Amino acid sequence: MSDGMTEETRAGFVALLGAPNAGKSTLTNNFAGSKVSIVSPKAQTTRTTVKGIGVWGAAQIIFLDTPGVFAPKRRLDRAMVASAWGGVGDADIVALVVDAKRGFDDETRAIIGKLKENGQKACLVLNKTDLVKGEKLLELAAVLNKEYAFDETFMVSALEGKGVDDFYDYLAKNLPVSPWLYPEEQMSDMPLKLLAAEIVREKLFLYLRQELPYALTVEPELWERREDGSVRAEMTIYVERDGQKQIVLGRQGAMIKKIGQSARRELEEILEERIHLFLFVKVRENWGEDKARYTTWNLDYNS
């Protein structure tokens, strides 16, 4: 990689658009070289647009990892989808990420319809190609390109890091000529306390059953540097009902302890510093209607 100083530099924003669980966050983390966006086998994990920043050759690429686009039912759903399309409006390049195993489903069809409506150019990234045979990949690529005139098509496995270099090369060559927009070592613009809250929420998705993770949110209350250089972090998990609180706590506090330990270990690995993580669980029946929650996560309450 170049230091970006001796040749013409480029920089810009790349919106990763797609249905829930298409692999946008995994692709973002792969490029940034560290976790900047949480991932989960469950759909709709990402709730707001997250920036993943990295350097490729002489180009600084800022990925906009947008929430998955789906048919919204609640206020939070509408705000998430609005955030996704807002990311598209801010981007220099739009990439539609499609789960190759799931194929051309109704959600992807609706997204392509919106791209057509907006007159938006885009490239196509078929992800999870490690799970699909070559013939089916070619058939899927042909069907999607017949439906929409994509500028380019890439076949990748973001999880395994296969095929991604060609995609990054394309982005680096097609972003605007520009000085870099962030310091070279910066991987995201998300404040550390929000990243910590997202890591906790990821663990809640991992350990809790069924639909409960969709009924809760995690809010950072404190991120304080101590005299010994370690960090004290306090997070509140809001749920909608007392019964949900008991599930999050677990028998004799076993579940919340497991979630806290897992989140702390990952934060310490990412940040390379000691973290003292304290989790609290509170009931707030209509947290999804609380305007302050939307402000914290840069979502539009009135979407």
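This text leads the reader through a sheet, two helices that pack against it, and one residue of a further strand. The structure is a predicted model.

The account begins with the sheet. Here 6 strands form an open sheet, and their order across it is β2-β3-β1-β4-β5-β6, with mixed pairing. The edges are occupied by β2, residues 50-56, and β6, residues 153-155; each of these has a single partner strand, so one side of each is left without a neighbour in the sheet. From one strand to the next, the twist averages 25°.

At the β6 edge, the pairing can be followed in detail. Strand β5, which covers residues 123-127, runs parallel to β6 and is joined to β6 by 3 bridges. Within this pair, V125 stands opposite F154 of β6.

Two helices may now be placed against these strands. Helix α5, formed by residues 164-174, packs on the sheet and touches β1, β2, β3, β4, β5 and β6. The direction of α5 makes about 110° with that of β3. Helix α1, formed by residues 24-32, lies across β1 (10-18), β2, β3 (59-65) and β4 (93-99). With respect to β2, helix α1 runs at about 40°.

The final stop is strand β7, which spans residues 217-225 and contains T217. Is T217 buried or exposed? Its relative accessibility is 4%, and residues under 20% are classed as buried, so T217 counts as buried. The side chain of T217 also makes a polar contact with the side chain of E219, at 3.4 Å.

Methods:
Residues numbered from 1 in each chain as written. Predicted model: local features only at pLDDT ≥ 70, side-chain atom pairs only at ≥ 80, totals over all residues. Heavy atoms only, no water. Pairing = 2+ DSSP bridges. Helix = DSSP H or I, 4+ residues; strand = E, 2+ residues; numbered from the N terminus. Axes fitted to C-alpha atoms, helices over the stretch in contact; angles between N-to-C directions. Contact = heavy atoms within 4.5 Å. Buried < 20%, exposed > 50% of the residue type's maximum accessible area, 1.4 Å probe, protein only. Polar contact = N/O pair within 3.5 Å; in protein donor to acceptor, adjacent residues only side chain to side chain.
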